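Trainee: Please take me slowly through one part of this model, the loops and helices that lead to its paired charges, and explain each term as you reach it.

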Amino acid sequence: MLRYIARRVIFAIPTLLAVLTLVFLIVRVLPGDPAQAALGDYASEEAVTALRAKMGLDKPLPVQYLEFLGGVARGDLGNSLITGKSVSEQIRFVLPYTLQLTFASVLIGIIFGVPLGILTALRRNSALDYFGRIFSLAGLSVPAFYLGILLLLVFSVRLNWFPVVGAGTPGDPLSIIHHLILPAMTLGLIMTAYVTRMTRSAMLNILSEDYVRTARAKGLGERTVMVRHALRSAMIPIVSIVGIFTISLIGSSVMTEIVFSRPGLGKLMVGAMKQRDYTMLQSIMVVYALIIVFINLFVDLLYGLVDPRVRYD
C-alpha cells in the first residue's frame, strides 16, 4: 500500500506542475495587457509602464515563470492591485468557507445518495424506483442558484428557520452550522441526484453477476450480500462520481455563495474579475488548481483502499 501511495504522489507532481504552467500561460497569452486592463483605457503610458514593472511583466517570460513558481512554493502570491493587501491573507480568510460548503454538500450527497441508489436498485420498477429516478432527473435539471432561491423563500423568508445571508459568527460552531445548512442543502441535493443515479446503475450491473447469485445461494443474509459483495464492488464508480462532483462543487459554488451572500473563493474571484485584479485572479486560479490536484490524488488513493486490485495494476 505504501508503494502505491508513493507512486500516486509522484505522479501527481508533474500534473500539478502542468496545471500551474497552464494557469501562468492563460493569464499572459490571452489578448490584452493586464496592466492596461487594471488601470483602464484612459491611463497614461507612464502609469501603464510603471504598473507593468511593478507586476513583473516587463521581464522575460522564463524569468516570470520561475518567479511565479518560486512564489507559489513559498506561499507568497503577491499583493492585490486594488487593495494592496496580501492576496494570501485574503484567500486564507475565505478558503475555509468554501471548504465548509463543499465538505457539507459532499457529505449530504453521500448520506442520502448512496442508500437511495441501493434501495432503488433493489426495488427496480417499483414506486420507490420511479421516485428515485424522477428525483435524480430533477436534480440534474435544476440550477443551483434557482434551488437556492427557492430554499431561501421557503425556509428563511416564510418560515424564518434559517438566516437569509451571511456565514455565521467566527468561532461559534452553532452559528456557522446554522448559516451553512441551506447553502449545503442547495448543492447537496443536486449531488444526491448524481450519486443516486450512479449508485443505482452500478448496483444493477453488479446484482446480475454470478458471484452475487452464488452468495445468495450459499444462504448469506441479504444485508451481507449487499454490503460485503455488491456495494463494495460498486464503490469504484461511486467514488469516481463523488470525486468529479467535488471538483465541480469547488468551481460552481460561486453562484451559491452569491445567492446566500457567503464569503468564499468563488465570490472573491468574481470580485477580482469585475475589478480587473490580475494578481488576485491568478492566485485564485492557482488555489483552485492545487485543490483539484489534491482531490484527484485523494480519489486515486481511495481506489486502492476500495479495490485492492487497483494497487497491483
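Mentor: Let me begin at a loop residue, serine 261, which is partly exposed with a relative accessible area of 31%, where buried means under 20% relative accessible area, exposed over 50%, and partly exposed in between, with a 1.4 Å probe and protein chains only. This is a predicted model, in which local features need pLDDT of at least 70 and side-chain atom pairs count only at pLDDT 80 or more, while totals for chains, interfaces and linings use all residues. Residues are numbered from 1 along each chain as its sequence is written, and side-chain values use heavy atoms, with hydrogens and water left out.

Serine 261 sits in the loop between helix 10 (222–259) and helix 11 (265–275), and although it is not a glycine, its phi is positive, at about 55°. Most residues other than glycine have a negative phi. Asparagine 160, again not a glycine, has a positive phi of about 60°; asparagine 160 lies in the loop between helix 7 and helix 8 and, at 63% relative accessibility, counts as exposed.

The protein chain has 12 helices and 0 strands, helices (H or I, at least four residues) and strands (E, at least two) being DSSP runs numbered from the N terminus. Of its 313 residues, 41% count as buried.

Before the loop of asparagine 160 comes helix 7, residues 144–158, whose 15 residues should span 21 Å at 1.5 Å a residue, and the 20 Å between its end C-alpha atoms agrees with this; the expected span is 1.5 Å times one less than the number of residues. Helix 7 nevertheless has a kink of about 30° centred on leucine 152, the bend at a residue being the angle between axes fitted to the seven residues ending there and the seven starting there. Leucine 152 is also one of the buried residues of helix 7, among them Ala144, Leu147 and Leu151.

After the loop, helix 8 spans only 42 Å between its end C-alpha atoms, whereas a straight helix of 35 residues would span 51 Å. A kink of about 40° lies in helix 8 at leucine 180, shortly before proline 183. Helix 8 (residues 173–207) packs with helix 5 (residues 87–122) at an angle of about 35°, their axes being 4 Å apart; axes are lines fitted to C-alpha atoms, for helices over the stretch in contact, and angles run from 0 to 180 degrees between N-to-C directions. The residues of this contact divide into 22 nonpolar, 10 polar and 1 charged, where Ala, Val, Leu, Ile, Met, Phe, Trp, Tyr, Cys and Pro count as nonpolar, Asp, Glu, Lys and Arg as charged, and the others, Gly among them, as polar.

Now to the charges. The structure holds 2 salt bridges, each a side-chain nitrogen of Lys or Arg within 4 Å of a carboxyl oxygen of Asp or Glu. Aspartate 129 pairs with arginine 133, their closest N and O atoms being 3.4 Å apart, and because they are 4 residues apart in helix 6 (residues 127–141), about one helical turn separates them. Arginine 133 is partly exposed, at 34%, whereas aspartate 129 is buried, at 0%. Arginine 200 also forms a salt bridge with aspartate 129, with the closest N and O atoms 2.7 Å apart. This pair links distant parts of the chain, arginine 200 being in helix 8 and aspartate 129 in helix 6, 71 residues apart. Arginine 200 and aspartate 129 are both buried, and salt bridges that share partners join Asp129, Arg133 and Arg200 into one network.
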